[in-house]
Amino acid sequence: MIMISIQPFDAKKICALIATMICLSTVSGFAQPIFLSVPSTPYDRQMTRIQPVLFTKGVTHHDSLSLAVVNHWIQDLRGIPYGFSSEWKTPSEVATGAAADCKGKAVALYHRMSANGAHNVRLVIGKRSWMSRKTHTWLEWTTDGASYVLDPTINWRACRAEKLGSSAYIPFYAYAGAKKYRAASSTLLYAKN
């Protein structure tokens, strides 16, 4: 004789599964990338042209570089027409050229900020969205307890990182001075522990 159950799944297990799915979907929405220090990245060879810019340190230390000044710099760079370059342009090449791409504009902004004493600035390589076919370059800046995405190619001003959501500005690698980073999702790190 074959017994057929009307309830093939345990109700407690179904409720636990649904609760877990809800929690995981909520947590991933709040996930901020964590940058892990690495000895090298796939972009290191390309970065040799701009390495002196990455090592630039300001003469003075500004704890609170004005967001208005940074927004002005972003607007200046955003006004430069877009033109792709296979190599990373230096800030002087961006300033004297007719056009610049995301790499050149981000490096020029990184240079201005570093030269004026800004700290906690990272040059980031990643994707603008999950749908993007190519990589994109922008800056991330943490100041006064807030994190900002600085993208002088697309945006006219700094954007608060938490307002952009997890599907925009997805980092892969970052540079800050002599340090190199690989981005990892915080939810992936916590899931491993």
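User: In which strand is Phe172 found?
Analyst: This is a predicted model, in which local features need pLDDT of at least 70, side-chain atom pairs count only at pLDDT 80 or more, and totals for chains, interfaces and linings use all residues. Residues are numbered from 1 along each chain as its sequence is written, and side-chain values use heavy atoms, without hydrogens and water. Strands are DSSP runs (E, at least two residues) and helices are runs of H or I with at least four, numbered from the N terminus. Phe172 is found in strand S6.

User: Is Phe172 buried, partly exposed or exposed?
Analyst: Buried means under 20% relative accessible area, exposed over 50%, and partly exposed in between (1.4 Å probe, protein chains only). Because its relative accessibility is 28%, Phe172 counts as partly exposed.

User: Which element supplies the largest share of the largest nonpolar core?
Analyst: A nonpolar core is a set of buried Ala, Val, Leu, Ile, Met, Phe, Trp, Tyr and Cys residues joined through side-chain atoms within 4.5 Å. The largest one has 32 residues, and Leu150 is among those with the most contacts inside it. Helix H3 (67-78) and strand S4 (146-150) are among the elements that each supply at least two residues. The largest share, 6 residues, comes from H5.

User: Which residue in S4 is the bridge partner of Trp141?
Analyst: Two strands pair if DSSP finds at least two bridges between them. S3 and S4 pair in the antiparallel sense over 5 bridges. In S4, the partner of Trp141 is Tyr148.
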